[in-house]
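Please load the structure in a viewer and keep the sequence panel open. The tour below proceeds by selection, with a short account of what is found at each stop.

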Amino acid sequence: THPLYTGMPTTIFEVMSRLAIEHNAVNLGQGFPDVDGPEEVRRVAADALMEGPNQYPPMMGLPELRQAVAGNEARFFGIERDPAHVLITSGATEALSDCLMAMVEPGDEVVVFDPCYDCYVPLIKRAGGVPKVVPLSPPDWSFSQADLNAAFTDRTKAVLINNPHNPASKVFSREELERVAAKLTAHDAYAICDEVYEHLVFGQAEHVPLATLPGMAERCVRIGSAGKSFSLTGWKVGYVAGPPALIAPIAKAHQFTTFTTPPNLQKAVAFGLGLSDDYFRRLADELATKRNRLASGLAALGLPTLQADGSYFLIADIGQLGLGSDVDAAQRMTVEAGVTTVPMSAFYSGDAPNHLLRFCFCKRDEVLDEAVTRLKAWQ
Ligand code: PMP
Ligand code: GLN
């Protein structure tokens, strides 16, 4: 028999969610809100389902959604984008896959930060690329210039950067982005900027798209997701926007991957992207309050959490609990306490810490409180 590709691991989200269901645990593992996004957005989708269109929409996406994506980029980040250079995809995951299929040829190196979102490294490898990791060091998830320098070589094709960052909840500073930009220029490389959490940024933190730095617009594609911006993760409506020289080959990958994305959902997301500033501010404010609620609940149990400026994850240090590795701790916490998290080591390809767990906090207050109550009873 012919050997089959064995390089794809089982995603940790599937592993932990299955375990959560099996043990009737409060699931703060896989990241998804437990309240659906705006009713008015869902209403547009429902109406469009009945009234149509229900046939293949244009391959690049509905014109009104491409326009709305460009409008959102202009409104929040001052990015000037011709909607012709926006491609609609079936979630950010498809956009990531399309970008890597378009950009990476066998032997090309792709720089990623470690830890990173779980699909990055498997997709890079499947595209024939070689991941080169830049470690982020807790508690502030900073990276050294020496490590950055070492990751870039004459084979560097692109950097895949997630900002705001899952799982570290880091929002890269302008100074850090400038350091990345300098390497991109020096190595004539591209950036795939996964900015699905662009609107989920808290307090004084400011999300700066790498594409807005001098000279970067021509090198960067920016990925977003309605799943995050509208708390509708099951919809899988994403987008990727960038210069025409990059979007054209990415669209080629898209045409043979999914070709299109459900038109009623596209219509609804176009409507959503036009919601007032107030909607986006409230979304972030509500999440910041939830972050604080969970952080103080965990602190009261003696579990310190790291700074979390963006996305909807909180990293807790469980080193004091003496539960063994993070994988063992996450397993025991699900089985014995009835609370599911994700062990941070699942997001690493290099040296991983074994004392950190990722808690998802985009949940109803009573669910967050129940998780803390269960952990308290278990201690
Ligand atoms: N990138 C990051 C950093 C994410 O957290 C997620 C959400 N799980 C995705 C991409 C995938 O987004 P989507 O559900 O739109 O495919
Ligand atoms: N993005 C979500 C997370 O980080 C999960 C998405 C998925 O299950 N693939 O938890």
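Begin by selecting β11 together with strand β12 (residues 356-360), which pair in the antiparallel sense over two bridges. Helices (H or I, at least four residues) and strands (E, at least two) are DSSP runs, numbered from the N terminus, and two strands pair if DSSP finds at least two bridges between them. This is a predicted model, in which local features need pLDDT of at least 70 and side-chain atom pairs count only at pLDDT 80 or more, while totals for chains, interfaces and linings use all residues. Residues are numbered from 1 along each chain as its sequence is written, and chains are lettered from A and ligands numbered from 1 in the order in which they are written.

Within this pair, select proline 343, whose bridge partner in β12 is leucine 357. Now add β9 to the selection: the three strands form an open antiparallel sheet in the order β9-β12-β11. Its edge strands, β9 (313-317) and β11 (342-343), each pair on one side only.

Move next to strand β3 (residues 109-114) and strand β4 (residues 130-135), which pair in the parallel sense over six bridges. Valine 111 stands opposite lysine 132 in β4. Adding helix α5 (residues 120-126) completes a right-handed β-α-β unit with β3 and β4; right-handed here means that, with the strands pointing away from the viewer, the path from the first strand over the helix to the second runs clockwise.

Follow the chain from β4 into the loop that leads to α6 (145-151), where proline 139 lies. The peptide bond from proline 138 to proline 139 is cis, with omega near 10°. A further cis peptide bond joins glycine 52 and proline 53, with omega about 5°; select proline 53 in the loop between α2 (39-51) and α3 (63-77).

Then inspect aspartate 188, in the loop between α7 (174-186) and β6 (190-194). Its phi is near 50°, a positive value in a residue other than glycine. Aspartate 188 has 10 C-beta neighbours inside 10 Å and therefore counts as exposed, the limits on other C-beta atoms within 10 Å, placed from the backbone, being 12 or fewer for exposed, 20 or more for buried, and partly exposed in between.

Finish with valine 221. Leaving aside neighbours within four places in sequence, valine 221 has contacts (C-beta atoms, placed from the backbone, within 7 Å) that include Cys99, Ile192 and Val240.

Definitions and conventions
Two residues are in contact if their C-beta atoms, placed from the backbone, lie within 7 Å.
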